[in-house]
Amino acid sequence: MVVIEVFTPVVQRILKHNMDFGKCPRLRLFTQEYILALNELNAGMEVVKKFVHSMHGPTGQCPHPRVLPNLVAVCLAAIYSCYEEFINSRDNSPSLKEIRNGCQQLNDRKPPLPLRLLRPEPPTPPPPATLLPLTATSSPAQAPPPAPSNPAPTIPISTPPSLPLSPPPSVVNSSEILVELERNNNSANAKRNADPSGGNGEPNLIDCLLVSPAVNTLSIQLPAQADRVLGCFALILKMLSDYDDWRPALASLLQPIPFPKELEKSFCLGRELKYVIQRFAEDPRQEVHSCLLSVRSGKDGWFQLYSPGGVACDDDGELFASMVHILMGSCYKTKKFLLSLAENKLGPCMLLALRGNQTMVEILCLMLEYNIIENKDTQLQIISTLESTQVGRRMYEQLCDRQRELKELNLSLAFTNVTSACAEQLIKLPSLKQLNLWSTQFGDAGLRLLSEHLACLQVLNLCETPVTDAGLLALSSMKSLCSLNMNSTKLTADTYEDLKAKLPNLKEVDVRYTEAW
């Protein structure tokens, strides 16, 4: 109770103000210790939950914009601290404290913290057996007696073998490992220089570390309180994700994944943060669930981390299916997203479709409808998967009926009030041949979407529409276009020349009342 009465106002003041924890790390550590102290009280997490709720306030909107970023910074730093010693030992990189202090030179670095490695030592081999004759032996000073005609038989007597006992794990300091590496490397180099013929000498320790399988099986002992710290601050992130007004900003703060790859592979961390990702996947707001995707090439996002085959997937793809469902239900129903699924996650999609997951059945139907899969054998496998379940058969039959009816579809929306929003419906007609949008409000965003999906379109009328060069340039990917009407649009001469060069089948063009006329 003393902690609550004395330190709560101080911590509240820290979290409500614009705080740079990089310049004031002691304030961050003080806040972490305060939260851990609350967690140690009776009904500890309930006390922490009340504290978080007091920081948010009773209304639906938190009046203090700095509370969430500060709390997230405190939580992420505390979670990272559980693994910092292990990460620094793996890549020999400066610790967070060293980075803050500006220690960039290797000579300025402090000795690394002790790293607990469970490294089994090789068992001591039993001593070799000795042969003891039954006859008495003479002393060394006396001459050996003559050998009798019938020598006494010699019976091998060996010491009783002792079972090899596993030695206790040895605690090795990472600085000692570096010293031992250097010492053995120097010794090996000296032997190599002394023996230029390159004889079969013992490999140096670096070579052993590179090829020895024992190193790959080293188990790491995190500090004793790591699980308690990890559980406490991961639970705070779960609490933060339950507030609707905080969820968009929280999703943004957790994108990209704010941990190095070593932590991404931690099953414990993935399990603790799974609830947060579920909350993102259930939120219909685009600014929330769009953060599930990766934003950097070469670095996975939460979507990849919790997908089948990902290091954090432990539910046979249920969370993956819900993420795909929410992403496909928003603006992500595009060929690019489907191509990514087909290239990286086609197997899991087919497996979940076999289990009757309706979202995955719809994904496979869209892949066939948008011609995502070019390989005929793969197409047959997808069709076989769809026909294996009742929902799959029904949706595949609907797809076949739709394709037959729309094989030679010509659509005219001229002189209507349609806008670019109708492009979401038009892309469901991949066999569309002719489209008339004369005197509509169809704009650049709709053109970009059409150019991505309607690869079979041959005739397009954009007369008297508000399209500009930004949208018209996207038409260069529609190689099937034979007739294009851009009369009375904002077409420029440069864009017109570019379209003519990139559309080889274009035969009829109307550019009257444009800059290119």
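Rings of Phe, Tyr and Trp, the last represented by its six-membered ring, are taken to pair if their centres lie within 6.5 Å. In the predicted model described here, ring pairs of this kind link Phe-303, Phe-320 and Phe-337 into a cluster, and a search of the whole structure finds eight aromatic pairs. In one of these, the ring centres of Tyr-34 and Phe-51 are 5.4 Å apart and the ring planes stand at 65°, so that the pair is classed as edge-to-face. Because Tyr-34 belongs to helix α2 (residues 25-40) and Phe-51 to helix α3 (residues 44-56), the pair ties together parts of the chain that are 17 residues apart in sequence. Both Tyr-34 and Phe-51 are buried. Tyr-513 and Trp-517 also form an aromatic pair, here a tilted one, with 5.0 Å from centre to centre and 50° between the planes; both Tyr-513 and Trp-517 are exposed.

As to the chain as a whole, it contains 24 helices and ten strands, and 40% of its 517 residues count as buried. Among contacts between residues at least 6 apart in sequence, 66% join residues at least 24 apart.

Five of the strands form an open sheet in the order β6-β7-β8-β9-β10, with parallel pairing. Strands β6 (410-412) and β10 (508-510) stand at the edges of this sheet, and because each has a single partner strand, one side of each is left without a neighbour in the sheet. From one strand to the next, the twist averages 5°. Strands of a sheet pair through backbone hydrogen bonds, in either a parallel or an antiparallel manner. Within the present sheet, β8 (residues 459-461) runs parallel to β9 and is joined to β9 by three bridges, with Leu-460 standing opposite Leu-484 of β9. Ser-483 is likewise found in strand β9, which comprises residues 483-485. With a relative accessibility of 16%, Ser-483 counts as buried, and, when residues up to four places away in sequence are left aside, Ser-483 touches Gln-458, Val-459, Leu-460, Leu-506 and Glu-508.

The surroundings of Thr-440 can be described in a similar way. This residue is found in the loop between β7 (434-436) and α22 (444-453), and at 1% relative accessibility Thr-440 counts as buried. Not counting residues up to four places away in sequence, Thr-440 touches Leu-413, Ala-414, Phe-415, Thr-416, Val-418, Glu-464, Thr-465 and Pro-466. Of these partners, Phe-415 is 25 residues away along the chain, yet its C-alpha atom and that of Thr-440 are separated by 5.7 Å. In addition, the side chain of Thr-440 reaches the backbone oxygen of Leu-437 at 2.8 Å.

Among the helices, α18 (residues 358-369) was examined in further detail. At 1.5 Å a residue, its twelve residues should span 16 Å, and the C-alpha atoms at its ends are indeed 16 Å apart, which agrees with that expectation. Ten of the twelve residues are buried, so α18 is largely enclosed by the rest of the structure; the buried residues include Thr-359, Met-360, Val-361, Ile-363 and Leu-364. At the start of α18, a side-chain oxygen of Asn-357 reaches to within 3.1 Å of the backbone nitrogen of Thr-359.

Beyond α18 the backbone takes a less common form. Most residues other than glycine have a negative phi, and most peptide bonds are trans. Asn-371, which follows α18, has a positive phi near 55° although it is a residue other than glycine. Asn-371 is placed in the loop between α18 and α19 (376-386), and at 54% relative accessibility it counts as exposed. Ala-43 also has a positive phi, of about 55°, although it is not a glycine. Ala-43 lies in the loop between α2 and α3 and is exposed, with a relative accessible area of 53%. With regard to the peptide bonds, the one from Gln-255 to Pro-256 is cis, with omega near -10°, and Pro-256 is found in the loop between α10 (247-253) and α11 (261-264).

Finally, Asn-344 lies in helix α16 (residues 335-344) and is exposed, with a relative accessible area of 52%. Asn-344 and Gln-304 are 40 residues apart in sequence, while in space they are 9.4 Å apart from C-alpha to C-alpha.

Note on methods
Residues numbered from 1 in each chain as written. Predicted model: local features only at pLDDT ≥ 70, side-chain atom pairs only at ≥ 80, totals over all residues. Heavy atoms only, no water. Helix = DSSP H or I, 4+ residues; strand = E, 2+ residues; numbered from the N terminus. Buried < 20%, exposed > 50% of the residue type's maximum accessible area, 1.4 Å probe, protein only. Contact = heavy atoms within 4.5 Å. Expected span 1.5 Å × (residues − 1). Polar contact = N/O pair within 3.5 Å; in protein donor to acceptor, adjacent residues only side chain to side chain. Pairing = 2+ DSSP bridges. Axes fitted to C-alpha atoms, helices over the stretch in contact; angles between N-to-C directions. Phe/Tyr/Trp six-rings, centres within 6.5 Å; stacked < 30°, edge-to-face > 60°.
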